[in-house]
2 protein chains.
Amino acid sequence: MIDPRVASGLRDVPPAVMIPRERMLASFRETFAGFGFVPIETPHIERMEVLTGKGAGSDEVLRQIFEVTNKGGTPGELALRFDLTVPLARFVAKHVEELGVPFKRYAIGSVFRGERPAKGRFREFTQCDFDTVGTESAVADAETAQVIHAALSSAGVPAFTIKINNRKVLDGLLDSLGLSDRTGAVLRALDKIDKIGRAGVVKELVGERDSRPASPTTAMAPDMTWKEDPDLVDAGEPTSHIRQDAKVGAHLTADQAARVLDFVEAGKGRAGVLAKAEADLGSHPRAAEGIANLRSILDLLDASGVPQDRLAIDLGLARGLDYYTGVVFETNVDGWERFGSVSSGGRYDDLASLFTSRKLPGVGASIGLDRLLALMDEAGWLKGTSATAPVLVANFPGGDVNTYARLASRLRKAGIGAELYPDAIAIGKQMGYGSSRGHKFAVIVGPDEQGKEVFNLRDLATRQERKAIPWSDLESAVAGALNGASS
Amino acid sequence: MIDPRVASGLRDVPPAVMIPRERMLASFRETFAGFGFVPIETPHIERMEVLTGKGAGSDEVLRQIFEVTNKGGTPGELALRFDLTVPLARFVAKHVEELGVPFKRYAIGSVFRGERPAKGRFREFTQCDFDTVGTESAVADAETAQVIHAALSSAGVPAFTIKINNRKVLDGLLDSLGLSDRTGAVLRALDKIDKIGRAGVVKELVGERDSRPASPTTAMAPDMTWKEDPDLVDAGEPTSHIRQDAKVGAHLTADQAARVLDFVEAGKGRAGVLAKAEADLGSHPRAAEGIANLRSILDLLDASGVPQDRLAIDLGLARGLDYYTGVVFETNVDGWERFGSVSSGGRYDDLASLFTSRKLPGVGASIGLDRLLALMDEAGWLKGTSATAPVLVANFPGGDVNTYARLASRLRKAGIGAELYPDAIAIGKQMGYGSSRGHKFAVIVGPDEQGKEVFNLRDLATRQERKAIPWSDLESAVAGALNGASS
């Protein structure tokens, strides 16, 4: 006998989780489509060189890749994708001529990372990405936040905040302080402010400068990979986050650190934040560009009817170091910030530079499906049930099973899911099955009812039964009961 | 620069294929749910011993498995699943105590087989399975055909035939002819009747007997694996098909072969077929059981409103050798039989015997999603479009982009998908984009219209434009135009 366990770090997803998950994915697909995003699918298996790029020296990435080989294949040639962004870059590079730009795609699928297994961290998880490739327009920037808003709203998240920044503002700030060469270290410290507080960030900003060189091939800073950052596991960060510059200390003076933190801490909220940033940095061309972009985005989101209290400017938000070049987003569920970001993304200058010389700028975001489901489950917001059909048609012992099949079929034709119990076992057991699965009502026709062409309708929660309803009223009686039960 | 090609035998699925595919999958999910099937998901990666079972000597299976290893992992321990049936068996064995039976699940996902790449044959493809585990009831048998009927109908397949047989009838026939020891060879020959005709089958039935033993560990008959049988590649056959008994010649007398073929050829259709089978074989207990099961199924399908002309008894239908033990199904699209079966399945005695001593009988089927899509595409039945949103809102150069965002947002709130073109480029280029993507209408507000709070509605197919519609009529005018266009 073989042990039916799954491999370490993997999991089965049971119906009670899959049902709300499928519902959420269906609403995401509808949201994406409503904005003109189209679905694509790429293989789970990619050529190794596509995944490892030219920075194949990045041991951390290579170490967590799952290699794939079949008999007769060459070891080291194939691997499982670890995100949906590298496959998007390859797809766009390959197909951009026939597809044209702008190209707006969404993709939902499994990705694989050979991490050390831990609670809530899996070696296979689902990513849910949407991107607009081939435009630099602020319309696409604003739309990204709008899609996050629409998707989370349609999924039933009651209150959340989309934090927005533009990396050019931070670049301008650091340049104006003469710290351009220390951007990486400063942003890395700032990204931790929610975890270690102002004092911790100051300490890190004025700390010793690391002597290691910032070479891109020795680039993996262990504390900045998705491996260490739970944000980057579930929320589906674009890959390039794992190609950071080296860990180099910032080595700021106390005064510089204070000025950075003052700017960033005053730069949260909405009213007045951009005006203050303009007063401080408006004369710096790059910062001014970033501020203007943020203004356009807020205006477009207002025009699109996204409520102001769902949006917040956060001038300290960096979201990784080298990848994003313009607007960045991060989304927290209000009151559930400890779960981390449930959706994040931003604008990049050049998506597919590994595969094509054609420059393809774009903007996009990822929704952390698994994390969002876990959060909503804990918050009690999932209207979950383990049954997909609300009605159980009983298979009464000694009754006519063809009648039951006919009644179940009539319910389905009326758009009401109905499950006919397959075996004519004791009726109590059938009712127990229905209650435990989450069916709402049972349609029962015993031999007596059969002769009179009537049925009993049992509420499986209250155990109350409405007796002797004529078969002709089947659809209306059941629909009425279901409406009553859900209201 | 890295070549952006996919690995051999794999493929990208572009929007024009994904859009009808997603639509079809959504209708399948709704169908499954309407019958009370619940979704599950299992990992793409399974432990090797789960996939290879105790018959690990089957070289053909092992040769086509994709092994998976990460750094630090033990080679040979993990592999990609090659179907959804083995994972179902493992899942049920592991979770049956908490889930209870009957357990009705559906699963949709990628499976992987390292076949030699060929046209229309891929190393990764989608399976779409539904099964009812833990019951021997004919209700579940009939429901399997009913779900096939509902799913294909909802997908828009105009006419198809679900062929039904019960393996016990064939068993009874062969037993009554004294041929029980040659069941495998006879069924293998019969399965080819559509390809090689009666004469070919007779030739094979009377041919020389192969001397190789029918040991289960040397079981792989090359001509019966999914590798050679295109049916078994796309339509998603249960795995156990690939554990056939050895290729042993049937060695029938000419008279025996004629009697088998006479029975089988007379056993097609509906009216009278079962009565004739009963007259011929009614005294054989196993055959009588099979015939009674087929009668129950037809009665239940009648009661359920499945039209008779969608069903046909085919007493020669075997669908593989050792796996199915009761009812079997195979479905062809009328007029498109050359594509092979688009859905097939049947009843099995014991699903999870590799993993548990608990006996779990069941019945289920698989829908060949990719094959069905290819067929429907060739038949012109896919109402395909490469745009998910029917309306393109133009971004008129020099106009107010916030107005466009507001109008697009209003359309979406009215349930009408609307894409706002991100860049304010020449309007002709934007219209070209809309036409080529399959958008139906464009909403255009130039600087003149902006001042007057009106818009023009352009039909992208006919290039006709309705001018100066007030903004207040936006939703009704666009909805009206879309209704007119689709009728």
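Hi everyone, let me start where the two chains meet: chain A and chain B bury about 8200 Å² between them, and carbon and sulfur atoms give 56% of that area. Before I go on, please keep in mind that this is a predicted model. As for why I open with an area, the size of an interface is often given as the accessible area lost when the parts come together.

Who takes part in this interface? On one side there are 102 residues of chain A, in contact with 101 residues of chain B. Within chain A, the residues that lose the most area to chain B are I2(A), E41(A) and R47(A), and together they account for 8% of what that side buries.

Now, do the copies use the same surface or different ones? Here 99% of the interface residues of chain A are also interface residues in chain B, so the copies meet through the same surface.

That leads to symmetry. Two copies of a chain are related by a rotation about an axis and a shift along it. In our case, chain A is superposed on chain B by a rotation of 180°, with 0.0 Å of shift along the axis and an RMSD of 0.0 Å. That is the relation of a two-fold axis. If you want to find the axis on your screen, which residue of chain A comes closest to it? Look for V68(A), whose C-alpha lies 2.3 Å from the rotation axis.

Let's turn to helices, beginning with a pair that spans the two chains. Helix α14 of chain A, residues 401–413, packs with helix α12 of chain B, residues 285–303. The angle is about 35°, and the axes are 8 Å apart. This crossing of α14(A) and α12(B) is right-handed. From α14(A), the contact is made by V401(A), N402(A), A405(A) and R406(A), while α12(B) brings D299(B), L300(B) and A303(B). Sorted by class, the contact of α14(A) with α12(B) has four nonpolar, one polar and two charged residues.

Staying with α12(B), we can look at a partner inside chain B. Helix α5 of chain B, residues 138–154, crosses α12(B) at roughly 55°, and the axes come within 9 Å. That makes α5(B) oblique to α12(B). The crossing of α5(B) and α12(B) is right-handed. On the α5(B) side you will find A138(B), V139(B), D141(B), A142(B), A145(B) and Q146(B), and facing them from α12(B) are N293(B), S296(B), I297(B), L300(B) and L301(B). Counted by class, α5(B) with α12(B) gives seven nonpolar, three polar and one charged residues. You may have noticed L300(B) twice: it is part of the contact with α14(A), and it is also part of the contact with α5(B).

One more pair in chain B: helix α6, residues 167–176, and helix α7, residues 183–190, pack at an angle of about 120° with axes 11 Å apart. That makes α6(B) oblique to α7(B). The crossing of α6(B) and α7(B) is right-handed. R167(B), L170(B), D171(B) and L174(B) make the contact from α6(B), and T183(B), V186(B), L187(B) and L190(B) make it from α7(B). That contact of α6(B) with α7(B) has five nonpolar, one polar and two charged residues.

Over in chain A, helix α6 holds a residue worth clicking on, K168(A). How far apart in sequence and in space are K168(A) and G290(A)? They are 122 residues apart in sequence, yet 4.9 Å apart in space, C-alpha to C-alpha. Leaving aside residues up to four places away in sequence, K168(A) touches R286(A), A287(A), E289(A), G290(A) and T325(A).

Finally, a few words on the backbone. Most residues other than glycine have a negative phi, and most peptide bonds are trans. With that in mind, look at the peptide bond from V101(A) to P102(A), which is cis, with omega near -5°. P102(A) sits in the loop between α4 and β5 of chain A. In chain B, the bond from V101(B) to P102(B) is cis too, with omega near -5°, and P102(B) is in the loop between α4 and β5 of that chain. Then there is H251(A), a residue other than glycine with a positive phi, near 60°. You can find H251(A) in the loop between α9 and α10 of chain A. Thanks for listening!

How values were computed: Residues numbered from 1 in each chain as written. Chains lettered and ligands numbered in written order. Predicted model: local features only at pLDDT ≥ 70, side-chain atom pairs only at ≥ 80, totals over all residues. Heavy atoms only, no water. Least-squares fit on C-alpha atoms with pLDDT ≥ 70 in both. Contact = heavy atoms within 4.5 Å. Axes fitted to C-alpha atoms, helices over the stretch in contact; angles between N-to-C directions. Helix = DSSP H or I, 4+ residues; strand = E, 2+ residues; numbered from the N terminus. Parallel < 35°, antiparallel > 145°, perpendicular 65-115°, else oblique. Left-handed = near helix turned anticlockwise from the far one by under 90°. Nonpolar A, V, L, I, M, F, W, Y, C, P; charged D, E, K, R; others polar. Buried area = accessible area lost by both parts, 1.4 Å probe.
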